[in-house]
Amino acid sequence: MSAPRSVLPPSPPTEGVSEVGSGPSFPESSLTVNQALAQAAALGVDRLDAQWLLAHVLGQSRTWLLTHDDHTLLAEQANTWNALVQRRAAGEPFAYLIGEREFHGLTLQVSPAVLVPRPDTETLVDWALELLTGELAAHPEPEVIDLGTGSGAIALAVKHSHPAARVTALDASPAALAQAQANALRLQLDVAFLPSDWWQAVAGRRYALALSNPPYIAEGDVHLPALAHEPAMALTSGPDGLDAIRHLATAAPAHLLPGAWLLLEHGWDQAGAVRSLLQAAGFEAVATRRDLGAQERCTGGRWPGQR
Ligand code: GLN
């Protein structure tokens, strides 16, 4: 994480003094840094998370925090802190609390309308970039599509690292699409966004590279309660978690140029099933890559273009 941005105005020049009648005043709370961190611990919030969160609220670094135990929060900061620490204690992802997350070198704004981008997905982006500069380099301005873009993470990271790509990003959720579009605008990345239920909005168009981190968790999976703050439509997909992947793989050939690649993120135990699906759909050179945690995370194949 980069230096936290404050959600509040900076501290007044003279700490503890409210200037009456000359611009805004900054009343102090009775809460010190030490007390705030003790409060977080009592709520069961991880110490490091609590430090990051408080540093964010104060607009300071974590290092500053560690050397300012007795610093008193302003009343407004204390209110913000109280709300955020409660939300963290209730299991809300850190990224939603501070409203942003780093992904592949970009700072993306995130809200509960979108899945929090995971480092696992950087595996897919790295593979995509290797293809764009390698096997697909014959396409000077390759057409790339990201299906179910969410925050825009994959589409924006690809466009950022490979500016010649013509990137289209789709999502069925208007709220997600608005978030992705806002990220593109802020990062000044030229990506086309379309509301679409998977391939539906791009009938008749063909791409050199199709990418997706679709929902892939099985309905009823034991991990779902821990993900309750994230949008269900970005997480679950049928009884075995493979409904979206099956649809993406079987409908892909109608949208791919000869020699195009399809890369799909999937669950740690789904690689074999996804390879079989791609092979059955006619893909060649089907392979799987592991994420940083050494889990099989991403499977892809080349469309030979015979139909
Ligand atoms: N990787 C996410 C998780 O298991 C799931 C994301 C998804 O379904 N695409 O927490």
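1. Starting with Ala-75: this residue sits in helix α4 and comes out as partly exposed, because 16 other C-beta atoms lie within 10 Å, short of the 20 or more needed to call a residue buried. Bear in mind that this is a predicted model. Leaving aside residues up to four places away in sequence, Ala-75 touches Pro-27, Glu-28 and Ser-29. Pro-304 is a long way off by either count: 229 residues along the sequence from Ala-75 and 63 Å away in space, C-alpha to C-alpha.

2. Ala-83 is also in α4. Is Ala-83 buried or exposed? With 12 other C-beta atoms within 10 Å, Ala-83 is exposed, since 12 or fewer is the cut-off for that class. From Ala-83 to Val-45 it's 38 residues in sequence and 13 Å between C-alpha atoms.

3. Helix α1, residues 33–42, is worth a look down its axis. Its buried residues are Val-33, Ala-36, Leu-37 and Ala-40. Viewed that way they fall within an arc of 95°, so they line one face of the helix. The general rule behind such a pattern is that an α-helix has 3.6 residues a turn, so residues three or four places apart point the same way. Over on the other side of α1 you'll find Asn-34, Ala-38, Ala-41 and Ala-42, which are exposed.

4. So what covers the buried residues of α1? The cover includes two strands, β1 (28–32) and β2 (72–74), along with the helices α2 (47–58), α3 (62–66) and α4 (75–89). That last helix is the one holding Ala-75 and Ala-83. Just past the end of α1, have a look at the backbone of Gly-44, which takes a positive phi of about 85°.

5. Helix α7 (residues 153–161) is another story. Here 7 of the 9 residues are buried, so the helix is largely enclosed by the rest of the structure. The buried ones are Ala-153, Ile-154, Ala-155, Leu-156, Ala-157, Val-158 and Lys-159. Note that a lysine, Lys-159, is on that buried list.

6. A small hairpin next. Strands β3 (residues 100–103) and β4 (residues 106–109) pair in the antiparallel sense, over 4 bridges. Phe-103 stands opposite Leu-106 of β4. There are 2 residues between the strands, and His-104 in this hairpin takes a positive phi near 50°.

7. On to the ligand. Which residues surround it? From the earlier part of the sequence come Leu-115, Arg-118 and Asp-120; the others are Asn-213, Pro-215, Tyr-216, Ile-217, Leu-227 and Leu-235. By type, the shell splits into 6 nonpolar, 1 polar and 2 charged residues.

8. Finally, the overall layout. The assignment divides the chain into domain 1 (28–90) and domain 2 (102–302), with 36 Å separating their centres, taken over C-alpha atoms. Along its principal axes the C-alpha trace spans about 75 × 40 × 30 Å. The secondary structure comes to 10 helices and 11 strands, and 41% of the 307 residues count as buried. Among contacts with a separation of 6 or more, 66% are between residues 24 or more positions apart.

Terms used:
Residues numbered from 1 in each chain as written. Predicted model: local features only at pLDDT ≥ 70, side-chain atom pairs only at ≥ 80, totals over all residues. Arc of directions from axis to C-beta. Contact = placed C-beta atoms within 7 Å. Near = placed C-beta within 6 Å. Nonpolar A, V, L, I, M, F, W, Y, C, P; charged D, E, K, R; others polar. Domains from an automatic or database assignment. Pairing = 2+ DSSP bridges.
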